[in-house]
Amino acid sequence: MELRRLQRDCHDLCCSCARFFKVAETAHSGYANDGSPLYVGDCCASKLAETATRTYWQTRAFDIPEADSSLWRYMDFSKFVLLLKERALYFARADHVGDKFEGAKGASTNRMVWDDYYLRFFRESILNPPEGKRPNLSPEQVQGEAERLLKDMEASGYRQLRTTYLSCWHESETESEAFWRLYCPPPSVGIAIHASYGSLNQSLGDNPEIAIGRVRYIDFRKNFAGPNDAIFRKRHSLSHEREVRAVIHDEEGQSGFGLHRTVDLNLLVHQVVISPFASEWFEGLLRDTMLKFGVTIDIAPSELMLEPFF
């Protein structure tokens, strides 16, 4: 686990000499003579007494926010009560979050461009294997194998949707009236929990198996998401979400439509903010409910309740 954390935290550079990696350079993970973890490039590979993995370095699929980056999650009261009861964050399966482009590689209008690129890539890979021995295959066989690999890649994309689970947050220094109206529209009552990247990561155990990062928004009419980064790509029309998501992969696919991960709520949540659309009686109910579950977190009114002067 310590080695995985080092790989995550020093992803872009050699942790020994601080030299930044370049695409396709080799990154080595392992242990020094004293047993301490190391993540290094070829420049410092001689310092490894034991090698765990070697990979071709690629840029990370997402940006990691600063530790104090302000995160919000808006929810109705019933979901907040479930959070208090379970003391766990809910991660929804990726194919059940309501976005038909979730995990997509591109728009259907560009499908031919995508297929042509990867068919060519697979043909070249088949004809030029790493050991340098040219396979004894006819052009028809090469094409058939390339088409099979393309179908396998598409099947893998669908499988990823069924084995990936998401906890989605809005990154902003302030509240959003639009999000209040979207998730807690009047006359319903709800709250927003105010956290940070650091508190979210720590409350989930600083677990490198849980990827937490910013979503990147792209125009699928003109661009594609790569096979390994699609879960952190969304349509540019949703860029107002400024989403930071925590991602869990369950390769066995045994978690149903969602899963829970236990968290320390007092560590995770900086403040509970009451919906600006809630009635006056709601604050008392909220305090009593939190007391019942033994949660002591500051409660604040929405900043949307401030009154102007002229």
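With which side chain does the side chain of aspartate 99 make a polar contact? The partner is the side chain of arginine 235, at 2.7 Å. The model in which this pair is found is a predicted one, and the following paragraphs proceed from the chain as a whole to a helix, to this pair, and then to several loop positions.

The protein chain contains 8 helices and 14 strands. Its C-alpha trace spans about 80 × 55 × 45 Å along the principal axes. Of its 310 residues, 45% count as buried. The accessible surface amounts to about 17,700 Å², and carbon and sulfur atoms account for 52% of that area. With regard to contacts between residues at least 6 apart in sequence, 77% join residues at least 24 apart. The chain carries 37 positive and 44 negative charges, and the mean positions of these two sets are 5 Å apart.

Helix α4 comprises the 25 residues 139-163. At 1.5 Å a residue, a span of 36 Å is expected for this helix, and its end C-alpha atoms are indeed 36 Å apart, so the expected and modelled values agree. Several residues of α4 are buried, namely Val142, Ala146, Leu150, Met153, Gly157, Leu161 and Thr163. The cover over the buried residues of α4 includes a helix, α3 (111-127), together with the strands β5 (88-93), β6 (164-171) and β11 (243-249).

Two of these covering elements, β5 and α3, also flank the loop that holds aspartate 99. The relative accessible area of aspartate 99 is 13%; because buried means under 20%, this residue counts as buried. Beyond its neighbours within four places in sequence, aspartate 99 is in contact with Lys234, Arg235 and Leu238. Among these, Arg235 supplies the side chain that takes part in the polar contact described at the outset.

Proline 208 is a second buried loop residue, with a relative accessible area of 10%. The loop in question runs between α6 (197-203) and β8 (211-214). Which residues does proline 208 contact, leaving aside its neighbours within four places in sequence? They are Met1, Arg4, Arg5 and Arg8. Proline 208 and arginine 242 are 34 residues apart along the chain, and their C-alpha atoms are separated by 22 Å.

The backbone geometry of some loops also merits attention. Most residues other than glycine have a negative phi, and most peptide bonds are trans. Against that background, proline 186 and proline 187 are joined by a cis peptide bond, with omega about 10 degrees. Proline 187 belongs to the loop between α5 (177-183) and β7 (190-196).

Two arginines depart from the general tendency in phi. Arginine 87, although not a glycine, has a positive phi of about 50 degrees. This residue lies in the loop between α2 (77-86) and β5, and its relative accessibility of 31% makes it partly exposed. Arginine 242 likewise has a positive phi, here about 45 degrees, and is not a glycine. Its place is the loop between β10 (233-235) and β11. Is arginine 242 buried or partly exposed? At 46% relative accessibility, arginine 242 counts as partly exposed, because that class lies between the limits of 20% and 50%.

Methods
Residues numbered from 1 in each chain as written. Predicted model: local features only at pLDDT ≥ 70, side-chain atom pairs only at ≥ 80, totals over all residues. Heavy atoms only, no water. Helix = DSSP H or I, 4+ residues; strand = E, 2+ residues; numbered from the N terminus. Buried < 20%, exposed > 50% of the residue type's maximum accessible area, 1.4 Å probe, protein only. Contact = heavy atoms within 4.5 Å. Areas by Shrake-Rupley, 256 points an atom, 1.4 Å probe, with all protein chains shown as cover. Lys, Arg positive; Asp, Glu negative; His and termini not counted. Charge placed at Lys NZ, Arg CZ, Asp CG, Glu CD. Expected span 1.5 Å × (residues − 1). Polar contact = N/O pair within 3.5 Å; in protein donor to acceptor, adjacent residues only side chain to side chain.
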